[in-house]
Amino acid sequence: MPVLLIHRIDDETQIIKLDKKNLTLGRLENNDVVIDDIFVSRYHAEVIKRGTKFVIRDRNSRYGTFVNGEKIEERFLNYGDEIQVGNTLITFVDEKKLQQLESAGTSSSRTRLRVDLIERINSLEQLLVKGGKKEELLRSVKELKSSFIIYQRKLAEAEKSKEVADTLCEVAKIINFVFDLNVLLNLLMDLALKIVRARRGFIMLYNEKEKKLHIKVARNMGSEIEVSDVSDISGSIARTAFEKATVVTTDDAKNDERFKNQPSVVSYAIGAVVCAPLIAKKGGRIGVLYLDNPIGQRQFDRYDINFISSFANEAAIAIENARLYEKAQKEERLRNRLQRFFSPSVVKKIMTDEKSIALGGEYRTATILFCDIRGYTSFTEKIDPFIAVQILNDFLSAMTEVVFKYEGTLDKYIGDCVMAIFGAPVSHNDDPLRAIKAALDMKKEVIRLKQEWQKKHHISEIDKFEIGIGINTGEVIAGNIGNINRMEYTVVSAAVNLASRLENIAQPGQILISKSTYELTRDDIVAKHLHPVQLKNISQAVEVYDVRGLIS
């Protein structure tokens with residue numbers, strides 16, 4: 001029978017048998033599975049049995065139901081599928097596999113049969129003795145008994161090893177479908193406790209920056225374990241396993257010379273212990289898995305120890321994969337955010353330099369470009385609002401592509417105005433010239449767009465659609481402004497204000513540049529020197545150049 005494993009964050013994994021034709025999940029108490037999660041709807045989803053298969057169906061929930069990361073309305077479930085409702089993850093598995101995990105370590109019926117056979121041989125031996133049979137026959141029976149005992153022990157060991165291997169295989173099938181690190185750690189803890197029948201345990205992961213082990217999940221160790229340091233909870237055991245990269249065991253920690261003086265051993269009445277290091281594929285130690293039973297309770301046999309040693313290896317791989325998945329997800333979110341403002345080549349450079357996304361700023365020399373539509377408000381008053389929005393989106397998209405073509409940075413859209421930076425965060429020797437080339441291409445793009453719009457929308461006023469551009473080069477403070485959750489890369493300085501003022505006075509179709517930009521590009525452009533102009537909030541008159549093109 002299939003079951004659902006409900007992975008509740010910071011809680012034990014709940015097992016729900018699918019023994020009904022229809023099982024409902026939601027926040028209200030009258031659901032079959034109640035999920036206390038603000039992102040779960042009152043009646044969120046249901047699992048329906050159809051023949052021998054099961055279907056999960058979303059019940060018009062506010063935040064949706066996801067299977068293996070894909071939002072669904074209805075889908076047939078396969079073993080290993082990961083379902084997400086709100087912040088809660090659920091795995092669809094075969095109950096037989098869980099039973100195999102829980103029964104690992106018990107004697108099989110074949111072992112009991114061999115015990116019965118030994119008892120029969122014992123009876124035969126007694127009969128032979130009482131009957132006064134020949135001494136040679138009696139010796140043969142004893143030899144047969146001795147050989148069979150050896151055979152029984154070796155066969156039992158082989159059978160136990162096979163059970164351990166089968167159990168590890170089933171464990172791998174379950175944990176390899178869980179990529180949320182917190183959920184995975186809780187699931188690993190639950191599986192380890194069940195399979196070796198331990199009462200208590202915790203998983204610690206190593207923090208490279210702090211050079212310390214930290215408890216990430218624990219069971220039955222008391223609430224204080226969540227904030228305690230490794231030195232307070234069987235510290236020497238965990239440290240020894242981690243530092244020596246070896247499994248540490250004891251049948252009675254309280255009387256073990258290595259650990260008996262540890263305060264936690266006494267206060268927790270720790271008896272049998274098995275503590276295994278978590279070692280990643282490349283040999284790096286990432287943490288420890290610790291299990292114990294109180295004094296007077298079950299000890300761990302060598303099969304338990306062998307299992308936990310192998311289990312820890314599987315767990316380390318799963319943890320490493322979950323971390324890589326989280327890192328990849330984080331990088332993908334960052335990449336998607338960066339692609340809104342930077343060209344693909346610039347995004348690639350930023351992604352290889354973690355410092356480039358940190359808060360703060362730096363002084364840089366950059367060229368700032370402002371491009372604005374002339375008379376856009378009066379233009380849109382005479383056309384359909386829906387068409388006006390389409391035209392604006394077409395315009396902003398085209399201008400952005402031009403900025404990216406020359407590896408500039410899209411700083412922001414200010415209504416119908418585009419602000420771009422050339423020289424930050426990635427700089428080139430010819431950033432001022434790149435900005436001017438971008439401005440000239442923007443004018444060409446506007447001509448192309450006007451032809452397309454005329455054919456598509458038949459707007460009589462389309463000839464009046466023009467742009468003005470202002471460009472200035474100077475020292476700026478460039479960096480991420482905001483907080484770690486919402487950062488915006490931008491530049492601030494008087495140089496930015498001057499570029500904006502030049503754009504304000506540019507006539508339709510005009511590209512105005514400052515003296516500083518002209519001096520850096522004069523050998524490559526054709527420009528007309530204009531009379532100095534007085535700009536708003538700038539005390540002295542500014543020398544201005546009107547760009548006409550590039551020198552062939």
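## Exercises on contacts and exposure in a predicted model

Glu 70 counts as partly exposed, at 45% relative accessibility. The model is predicted, and the exercises below treat it as such.

**Exercise 1. Salt bridges**

Determine with which residue Arg 75 forms a salt bridge, and classify the exposure of Arg 75.

Solution.
- Step 1: The partner of Arg 75 is Glu 70, and their closest N and O atoms lie 3.0 Å apart.
- Step 2: The relative accessibility of Arg 75 is 25%, so this residue counts as partly exposed.

Establish which elements hold Glu 46 and Arg 57, and whether each residue is buried or partly exposed.

Solution.
- Step 1: Glu 46 and Arg 57 form a salt bridge in which the closest N and O atoms are 2.6 Å apart.
- Step 2: Strand E5 contains Glu 46 and strand E6 (residues 53-58) contains Arg 57; the pair therefore ties together parts 11 residues apart in sequence.
- Step 3: Buried means under 20% relative accessible area. Glu 46 has 9% and is therefore buried, whereas Arg 57 has 29% relative accessibility and counts as partly exposed.

Find the closest N and O distance for Lys 515 and Glu 543, and locate both residues in the chain.

Solution.
- Step 1: The closest N and O atoms of this salt bridge are 3.6 Å apart.
- Step 2: Lys 515 belongs to helix H13 (residues 515-521) and Glu 543 to strand E24 (residues 542-550); the pair links distant parts of the chain, 28 residues apart.
- Step 3: Lys 515 is partly exposed at 38% relative accessibility, and Glu 543 is partly exposed at 29%.
- Step 4: Elsewhere, salt bridges with shared partners join Glu 46, Arg 50, Arg 57 and Glu 74 into one network. A search of the whole structure yields 20 salt bridges.

**Exercise 2. Aromatic pairs**

State how many aromatic pairs the structure holds, and describe the geometry of the pair formed by Tyr 79 and Phe 92.

Solution.
- Step 1: There are 8 aromatic pairs in the structure.
- Step 2: In the pair of Tyr 79 and Phe 92, the ring centres are 5.3 Å apart and the planes make an angle of 20°, which is a stacked arrangement.
- Step 3: Tyr 79 lies in the loop between strand E9 (74-76) and strand E10 (82-85), and Phe 92 in strand E11 (residues 88-94), so the pair ties together parts 13 residues apart in sequence.
- Step 4: Tyr 79 is partly exposed, with a relative accessible area of 43%, while Phe 92 is buried at 3% relative accessibility.

Describe the pair of Phe 395 and Phe 465 by distance and angle, and explain why it ties together separate parts of the chain.

Solution.
- Step 1: Phe 395 and Phe 465 are edge-to-face, with 5.8 Å centre to centre and 70° between the planes.
- Step 2: Phe 395 is in helix H10 (residues 385-405) and Phe 465 in the loop between helix H11 (431-457) and strand E20 (466-483), so the parts tied together are 70 residues apart in sequence.
- Step 3: Phe 395 is buried, with a relative accessible area of 0%; Phe 465 counts as buried at 1%.

**Exercise 3. Polar contacts of buried residues**

Identify the polar side-chain partner of Thr 367 and describe the surroundings of Thr 367.

Solution.
- Step 1: Strand E17 (residues 360-374) contains Thr 367.
- Step 2: With 1% relative accessibility, Thr 367 counts as buried.
- Step 3: Its side chain makes a polar contact with the side chain of Thr 473, at 2.9 Å.
- Step 4: Not counting residues up to four places away in sequence, Thr 367 touches residues including Phe 422, Asp 431, Ile 471 and Thr 473.

Find the polar side-chain partner of Glu 407 and classify the exposure of Glu 407.

Solution.
- Step 1: Glu 407 is placed in the loop between H10 and strand E18 (409-414).
- Step 2: Its relative accessible area is 19%; the limit for buried is under 20%, so Glu 407 is buried.
- Step 3: The side chains of Glu 407 and His 428 make a polar contact at 2.7 Å.

**Exercise 4. Nonpolar surface**

Name the residues of the nonpolar surface patch of about 320 Å².

Solution.
- Step 1: Ile 38, Phe 39 and Tyr 63 make this patch.
- Step 2: Ile 38 lies in the loop between strand E4 (33-34) and strand E5 (45-50), and at 70% relative accessibility it counts as exposed.

How values were computed:
Residues numbered from 1 in each chain as written. Predicted model: local features only at pLDDT ≥ 70, side-chain atom pairs only at ≥ 80, totals over all residues. Heavy atoms only, no water. Helix = DSSP H or I, 4+ residues; strand = E, 2+ residues; numbered from the N terminus. Buried < 20%, exposed > 50% of the residue type's maximum accessible area, 1.4 Å probe, protein only. Polar contact = N/O pair within 3.5 Å; in protein donor to acceptor, adjacent residues only side chain to side chain. Contact = heavy atoms within 4.5 Å. Patch = residues over 30% accessible without salt bridge, like charges linked within 9 Å, V, L, I, M, F, W, Y side chains within 5 Å. Areas by Shrake-Rupley, 256 points an atom, 1.4 Å probe, with all protein chains shown as cover. Salt bridge = Lys/Arg side-chain N within 4 Å of Asp/Glu carboxyl O. Phe/Tyr/Trp six-rings, centres within 6.5 Å; stacked < 30°, edge-to-face > 60°.
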